[in-house]
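Dear colleague,

Please find below the structure that I am handing over to you, with its sequence. My notes on the open and enclosed spaces follow it.

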Amino acid sequence: MNEWSPTSWKAKPAAQQPAYPCEAEAARMVEEISKLPPLVTSWEVNALRGQLAEAVRGERFLLQGGDCAESFDQCDSATVANKLKILLQMSLVLTHGGRRRVIRLGRFAGQYAKPRSDDSETRNGITLPSYRGDLINRPEFTEAARTPDPQLMLRGYERAALTLNFIRALVSRGFVDPHRLEYWDLAWVKQSPMAEEYRRMARQIGESLRFMENVLGVHPGELNWVDFFTSHEGLHLPYEQAQTRRVPRQEGWFNLSTHFPWIGMRTADPAGAHVEYFRGIRNPIGVKVGPDMPPSTLRELVEILDPAGEPGRLTLIHRFGAERIALCLPPLIEAVRSTDKPVLWCCDPMHGNACTTSGGYKTRRFEDILGELDRAFDIHAALGSSLGGVHIELTGEDVAECVGGARGVSEADLKRAYKSQLDPRLNYEQALEMALFIARKMGGLSEQM
Ligand code: PEP
Ligand code: CO
């Protein structure tokens, strides 16, 4: 294989990249970002790789979640704090109920670039470039908004830094103290059908903590409650390249814009630019695996991206849809097994289950989402493999975007509280319900709980 460098991807076909009106300006922006301080450190990146290796061994469970796309407008304290809260609540349920330590990996602090099926969009006879995420252009349907603007790369880097700064501050003091579980409560949790179950669990955790401290002399600060990592789709290669650097006393190159970048389904071509870029970085990485991926291609990807067979390096995030998983997943598990590489398997039960309502809303049925997840656990177990994580789109806000769940979000509700610019997300109740479902599936909760 040819020599790798942070720019060697440029010699390969790069899908899903914006066409900037002025390439020189885009290059200047990349240059500027490459001089700014990193958003994360190599120690954190290595720590995450270590935790993912533990997940491969069945000692941890990966919880990866956040918006489909973050937006610059929603870089505000409530949105960020609520997302942390729901991820914390879910991880609490999984740790306590599923009896496994949880890796909390946000789809945040940089999830600003989106792959699109079509390069352009036509409305009333006018055709403009598709919206590709706030890192690239803006959603309004005007020529000015839709023209890719290189300045947005810098704005995105700054927004990611602001978001991460706030997350780090919240996580380092008070907010995640398990003695203060009430801080994690979202304002509307009181009305939730799941509230009683969650509260009961929180009470039990409080009692266990007191027991550990008073009787065993262990302090929760020592229990690693508070690790939070960031991830985003590494789609926009010039942006990813800008923060790719060497670090003193460490081997290799790190992408320091995030702990965990992943390759999307549409850019996972083994001969393409994304795979070329990703093969050279030291970060733990993910690859989305969809229904059209032949087993031989997956085998090739695993060999290219994890030649050393390093546990924690590679997470395969499969997303087929509830209907297709039973057909698609088994041959891919076998293909990976034949490589003898220790990948972590993670289920994204969102992206294969999209449908459109008669009212024109893009939605997902909660029963399909849980159905795919349910089958994912069973299929892995039946084949002697193991599902080690879940990848979901969620928000801490009280939105109505996915239909179904304990409160029975209906198609009519979508009209009232559909806020996503792109894919429909689980609201906090649906997210909590999913966590309870996973905990049950992992065998730690009784049916009645
Ligand atoms: C996504 O995660 O938002 C996404 C576009 O997923 P996929 O690449 O699996 O379609
Ligand atoms: Co999405």
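**The largest pocket**

In this predicted model, the largest pocket has a volume of about 650 Å³. Its lining is made up of 29 residues, and those closest to the centre of the pocket are P115, R116, K362, L422 and D423. By class, the lining of the largest pocket comprises 15 charged, 8 nonpolar and 6 polar residues.

Two strands deserve mention here. Both β3 (120–123) and β13 (362–364) supply at least two residues of the lining of the largest pocket. The greatest contribution comes from β3, which gives 3 residues to this lining.

**Ligand 1**

Where is ligand 1 placed with respect to these spaces? The space that ligand 1 takes is the largest pocket. Around ligand 1 are the residues C68, R107, K114, P115, G264, M265, R266, K288, R319, H351 and E393. P115 thus appears in this shell and also among the residues closest to the centre of the largest pocket. Sorted by class, the shell around ligand 1 holds 6 charged, 3 nonpolar and 2 polar residues.

Three contacts to oxygen atoms of ligand 1 may be of use when you inspect the site:

- R319: an N or O atom of the side chain is 2.7 Å from an oxygen atom of ligand 1.
- M265: a backbone N or O atom lies 2.9 Å from an oxygen atom of ligand 1.
- H351: a polar side-chain atom lies 2.9 Å from an oxygen atom of ligand 1.

How much of ligand 1 does the protein bury? Taken alone, ligand 1 exposes 290 Å², and the protein buries 97% of that area.

**The cavity**

I also considered enclosed space. Rolling a probe the size of a water molecule over the atoms shows where empty space is left. Across the whole structure, the search finds 1 cavity of 30 Å³ or more. The volume of the largest cavity is about 50 Å³.

Which residues line the largest cavity? They are M194, G404, G405, A406, R407, V409, N427, E429, Q430 and E433. This lining divides into 4 polar, 3 nonpolar and 3 charged residues.

**For your inspection**

When you open the model, you may wish to begin with ligand 1 in the largest pocket and with the side chains of R319 and H351. The lining of the largest cavity, including M194 and E433, can then be viewed separately.

With kind regards

Definitions and conventions. Residues are numbered from 1 along each chain as its sequence is written. Chains are lettered from A and ligands numbered from 1 in the order in which they are written. This is a predicted model: local features need pLDDT of at least 70, side-chain atom pairs count only at pLDDT 80 or more; totals for chains, interfaces and linings use all residues. Side-chain values use heavy atoms; hydrogens and water are left out. A residue is near a molecule or strand if one of its heavy atoms lies within 4 Å of it. A polar contact is a pair of N or O atoms within 3.5 Å; within protein, one must be able to donate a hydrogen and the other to accept it, and residues adjacent in sequence count only if both atoms are side-chain atoms. Accessible areas come from the Shrake-Rupley method with a 1.4 Å probe; for residues, only the protein chains shown count as cover. On a 1 Å grid over the protein atoms alone, a cavity is a set of points where a 1.4 Å probe fits but cannot get out, and a pocket is an open set with protein on both sides within 12 Å along at least five of seven lines; lining residues have an atom within 4 Å of a point. A molecule sits in a cavity or pocket if more than half of its atoms lie within 2 Å of its grid points. Ala, Val, Leu, Ile, Met, Phe, Trp, Tyr, Cys and Pro count as nonpolar, Asp, Glu, Lys and Arg as charged, and the others, Gly among them, as polar. Grid points are joined across faces, edges and corners, and a volume is the space filled by probe spheres set on the points. Helices (H or I, at least four residues) and strands (E, at least two) are DSSP runs, numbered from the N terminus.
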